[in-house]
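Reader: I am new to this structure and would be grateful for a close look at a single part of it. Please define each term as it is used.

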Amino acid sequence: MANKLIVSLSPHVHSGDSVQKNMYGVIIALVPALLASLAFFGLGAAVVTLTSVAACVFFEWAITKFILKREKMTILDGSAILTGLLLAFNLPSNIPMWIIVIGALVAIGIGKMTFGGLGCNPFNPALVGRIFLLISFPVQMTTWPVPGQLTSYLDAETAATPLSIMSQALKSGDASILSQLPQSMDMLVGQTGGSMGEISAIALLLGGAFLIWKKIITWHIPVSIIATVFVLSGLMNLANPVFAGPVSQLLSGGLMLGAIFMATDYVTSPMSHKGQLIYGVAIGFLTVVIRSFGAYPEGMSFAIFIMNAFTPLINTYCKPKRFGEVVKK
């Protein structure tokens, strides 16, 4: 009897690694950013993270068991935990727990399990949850605690973020407002307002270096996003100083978190290096355009979400050469 050839769904990794090993590798890479968020936001960061991870794991278990009625559980492969962490990192540290639970339900139930689970989802599940919450609860999702309030949660004092200062300067046409931006070193370390997992650029860069070192991701998507944002925002700043400079653009908002941890998602990003470069450049371009001319101060999530939809098309036109293919003259 001939043996059956079983081809599993993506992600496919050409090595001895497993999906589970790579998922936990990404979780380990997020530890520096998690420690930074705990150091700056304390109790609020702990509550948001634990609630998000627990809710994502619970909803994946419940949907798998009671709706899909599958015997094999996937809650230990790390994907639900990773979705919970990334969702938490995209939230303010003072957001109510019930909103987090709704976001987790949307991320797992709609963003992932509706399409069949890991390997079938066309969009990053954490992004689906984040964008849903941003549209549904704009006030709660754009109220940012001041770092340093380690024992505060719902009652934390709030203040403007670098992105909101940039947006205010653009709307008023007054470049002097940009002088209110925090120092670059503060934004690099994380001493500024924003979503709890995106504030410390240095922590996210350390995690990215770990992922590239362990060959869990390649440099193509993060570098192409960062380079595109740097060049485009630099040109716009030279043309009109009301646009913030490239360093401020790179160190603010969810750019580093999105470029390193969310745009590189195996399932929703292109497979070939050429496709990844196209994908990254497009995300960087859309991020700057949305930040500069859109209704929301942040454009990273929307840019990745849009390009997730184009990933199948990019894969179609950026296929790697087949072995034995004759080169056409």
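Author: Angles between axes under 35 degrees count as roughly parallel, over 145 as roughly antiparallel, 65 to 115 as roughly perpendicular, and the rest as oblique. The model is predicted, so local features need pLDDT of at least 70 and side-chain atom pairs pLDDT 80 or more, whereas totals for chains, interfaces and linings use all residues. Residues are numbered from 1 along each chain as its sequence is written, and side-chain values use heavy atoms, without hydrogens or water.

The part chosen is the pairing of helix 3 (residues 43–67) with helix 5 (residues 97–110); helices are DSSP runs of H or I, at least four residues long, numbered from the N terminus. Their axes come within 8 Å and cross at roughly 40°, each axis being a line fitted to C-alpha atoms over the stretch in contact, with angles from 0 to 180 degrees between N-to-C directions. Helix 3 and helix 5 are therefore oblique to each other. Their crossing is right-handed: the near helix is turned clockwise from the far one by less than a right angle.

Contact means heavy atoms within 4.5 Å. On the side of helix 3, V47, V48, T51, S52, A55, C56, F59, E60 and I63 take part; they meet M97, I100, V101, A104, L105, I108 and G109 of helix 5. By class, this contact has 12 nonpolar, 3 polar and 1 charged residues, where Ala, Val, Leu, Ile, Met, Phe, Trp, Tyr, Cys and Pro count as nonpolar, Asp, Glu, Lys and Arg as charged, and the others, including Gly, as polar.

Conventions
Helix = DSSP H or I, 4+ residues; strand = E, 2+ residues; numbered from the N terminus.
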